[in-house]
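Trainee: I would like to learn how to read salt bridges and chain contacts in a model. Could we work through one together?

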Amino acid sequence: MADSVALPELAIDAPASDLARHSALVRRTHWIHTAAVSALIVSGGAILIAHPRLYWGETGGAGGPSLVDLPLPFVFGPSGWGRSLHFLAAWIAVLNGLLYVVFGLVDRHFRRRLLPGRSELSTRSIRQVLDDHVHLRRLRADGAIRYNLLQQLAYLVVIFVLFPLIILTGFAMSPALTSVAPMLVTVWGGQQSARTMHFVFTCALVLFVVAHVLMIALTGFRERMRAMITGDHARTAP
Amino acid sequence: MSGISRRRLLRGGLAAAGLSGLGVAAALAQRYGLIPPDHGGIYGAGETLTYAAQRLLTARHPLAREFTRAEISKVFPVNGPPPETESYARLRAEGFRGWRLTVEGLVARPLSISLAELKTFPQTAQITHQACEEGWSFIAEWSGVRLSHVLTLAGIRPMAKFVVFFPFDESWDSLDMADAWHPQTLLAYGMNARDLPVPHGAPVRLRVARQLGYKSVKYLSRIVVTDSLHEIENGLGSRSPDYGYSWYAGI
């Protein structure tokens with residue numbers, strides 16, 4: 001197994017457009033999603049503190065048993081702005097996410113960059129990448145076009161598992177949508193279970209964001225930001 | 001033709017197609033009643049997308065889930081005190097004997113119905129889930145009369161687009177005709193096989209099974225059928241938008 005990825009060979013194989021680290025569409029959807037998800041998390045928090053208790057099953061409320069009493073204050077009153085912002089941001093996130101996924105399939109972005117190759121799934125290769133991460137070694141990978149295995153898995157899980165689950169548990173809380181498709185809510189065991197899982201999946205997403213930003217900081221904040229903003233290949237970095 | 005001008009032409013064409021597409025979409029949305037009264041402002045786009053998408057998805061008027069008696073909740077929290085007006089206090093003191101519900105506006109026969117009269121209309125009951133916008137919820141059995149029965153008695157004029165509900169306090173709200181005619185939309189006078197308790201909206205409250213709890217207006221007094229919400233109070237179809245909440249609460 002080579003210790004470093006030989007960039008020139010890859011560059012020769014890849015079409016010219018691949019030389020941009022991130023395509024224009026990926027860059028645009030990335031930042032739109034960053035803004036929309038930030039708004040969703042802030043407004044979700046505003047909605048949550050109106051009643052920071054979680055329940056399991058169909059129902060739950062003051063005076064009844066809860067699953068978890070979150071260590072947050074009850075903040076009554078106008079969290080209405082949070083609700084309106086939540087749904088506006090949700091529409092932007094969903095439409096933007098759909099654009100990204102359709103592009104990723106049509107352009108074969110997922111296949112080329114996110115699906116692990118066979119060689120990357122060998123025991124030895126997996127051990128190597130885990131070892132590198134544990135020791136924070138060889139993570140800079142300046143100029144590498146492909147993501148490493150852990151990155152690929154993290155991104156695939158967030159895009160194809162976490163976001164769909166957050167959206168579906170959101171749908172499960174809509175009395176109008178569940179009248180169209182009751183399974184949206186029954187599959188979670190009730191409306192309150194869906195609300196609780198909406199919170200749990202969001203916490204998982206927040207953990208991903210923390211790890212994502214941490215890894216960017218560890219592997220060269222300026223180059224990574226430049227790559228995602230301008231698309232410049234890291235090779236041109238000073 | 002040079003690459004640049006071709007690209008410019010293509011972009012211009014796409015922009016024109018996009019704009020005219022938006023124009024057509026807006027005209028269609030207006031025609032089929034897919035624009036909510038609170039469509040303006042920063043959040044208006046989100047409100048409109050949600051309302052239009054859900055009205056298209058619920059075009060066949062599906063029913064909200066119903067439950068068994070065993071699933072009825074043990075606690076039924078409430079938000080806010082009953083109306084503090086003198087007229088409500090007087091009616092409450094005499095067991096709502098003098099209470100009347102008026103139905104007016106775009107109707108052939110304006111009505112004024114007493115509680116006893118309302119109870120002679122065909123009764124219906126439902127065990128449904130009610131969620132507050134804050135996040136808590138309960139399941140209860142509601143009994144009463146379908147709103148559609150009363151609307152039919154009054155004779156709704158064809159141009160009617162909204163039904164507005166005024167209670168004894170300052171909160172008020174409205175429904176579009178899809179939810180007004182929906183078989184699970186009740187004028188409820190019973191809860192869990194007893195008279196509707198005062199904290200839950202006695203003597204009669206609206207019950208809208210496919211929207212959040214705040215749409216189910218308590219302490220009803222007056223119903224007005226209209227073709228436009230512009231002239232009514234804040235013009236946004238409900239008091240909720242004053243607090244930042246959506247007019248449409250199907251979420």
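Mentor: Start with a pair that crosses between chains: Arg83(A) and Glu133(B) form a salt bridge, with 2.9 Å between the closest N and O atoms. Keep in mind that this is a predicted model.

Trainee: What is the general idea behind such a pair?

Mentor: Side chains of opposite charge can pair when their charged atoms come close. The cut-off used here is 4 Å from a side-chain nitrogen of Lys or Arg to a carboxyl oxygen of Asp or Glu. The Arg83(A) and Glu133(B) pair, at 2.9 Å, is a salt bridge by that rule.

Trainee: How many salt bridges are there between chain B and chain A?

Mentor: The count between these chains is 2. Over all chains, the structure holds 12 salt bridges. Polar contacts are counted separately, and across the interface of chain B and chain A there are 13 residue pairs in polar contact.

Trainee: Which elements of chain B give two or more residues to the side that touches chain A?

Mentor: They are α2 (44-57), β3 (124-131) and β4 (137-146) of chain B. The most comes from α2(B), with 8 residues. Sorted by class, this side of chain B has 23 nonpolar, 11 polar and 5 charged residues.

Trainee: How many residues does each chain bring to the contact, and what area is buried?

Mentor: Chain B brings 39 residues and chain A brings 35 residues. The area buried between them is about 2800 Å², and carbon and sulfur atoms give 63% of that.

Trainee: Now I would like to read a salt bridge inside one chain. Where do Asp176(B) and Arg55(B) lie?

Mentor: First the distance: Asp176(B) and Arg55(B) form a salt bridge whose closest N and O atoms are 2.6 Å apart. Asp176(B) is in strand β6 (residues 173-176) of chain B and Arg55(B) is in helix α2 of chain B, so the pair ties together parts that are 121 residues apart in sequence. Both residues are buried.

Trainee: What else does Arg55(B) pair with?

Mentor: Arg55(B) also forms a salt bridge with Asp179(B), where the closest N and O atoms are 2.9 Å apart. This pair links distant parts of the chain as well, with Asp179(B) in helix α6 and Arg55(B) in helix α2 of chain B, 124 residues apart.

Trainee: Is Asp179(B) buried or exposed?

Mentor: Buried means under 20% relative accessible area. Asp179(B) is at 2%, so Asp179(B) counts as buried. The helix that holds Asp179(B), α6, covers residues 177-180 of chain B.

Trainee: Which residues is Asp179(B) in contact with, apart from its neighbours within four places in sequence?

Mentor: They are Arg55(B), Thr185(B), Val208(B), Arg210(B), Gln211(B) and Tyr248(B). With Arg210(B), the side chain of Asp179(B) makes a polar contact of 3.0 Å.

Trainee: Give me a pair to compare by exposure.

Mentor: Take Arg100(B) and Glu117(B), whose side chains meet in a salt bridge at 3.4 Å, N to O. Arg100(B) lies in strand β1 (residues 100-105) of chain B and Glu117(B) in helix α4 (residues 115-120) of chain B, 17 residues apart. Arg100(B) is partly exposed, with a relative accessible area of 41%. Glu117(B) is partly exposed too, at 35%.

Trainee: Which residues do salt bridges with shared partners join into one network?

Mentor: The network consists of Arg55(B), Asp176(B), Asp179(B) and Arg210(B).

Trainee: Next to Arg210(B) in the numbering is Ala209(B). Where does Ala209(B) lie?

Mentor: Ala209(B) is in the loop between β9 (205-207) and β10 (220-226) of chain B. At 5% relative accessibility, Ala209(B) counts as buried. Not counting residues up to four places away in sequence, Ala209(B) touches Pro175(A) of the other chain, along with Ala64(B), Gln126(B), Thr128(B) and Gln184(B).

Trainee: What about disulfides, and how many are there over all chains?

Mentor: The count is 0 disulfides over all chains. As for individual cysteines, Cys203(A) is partly exposed at 34% relative accessibility, and Cys132(B) is buried at 13%.

Notes. Residues numbered from 1 in each chain as written. Chains lettered and ligands numbered in written order. Predicted model: local features only at pLDDT ≥ 70, side-chain atom pairs only at ≥ 80, totals over all residues. Heavy atoms only, no water. Disulfide = S-S within 2.5 Å. Buried < 20%, exposed > 50% of the residue type's maximum accessible area, 1.4 Å probe, protein only. Contact = heavy atoms within 4.5 Å. Buried area = accessible area lost by both parts, 1.4 Å probe. Polar contact = N/O pair within 3.5 Å; in protein donor to acceptor, adjacent residues only side chain to side chain. Helix = DSSP H or I, 4+ residues; strand = E, 2+ residues; numbered from the N terminus. Nonpolar A, V, L, I, M, F, W, Y, C, P; charged D, E, K, R; others polar.
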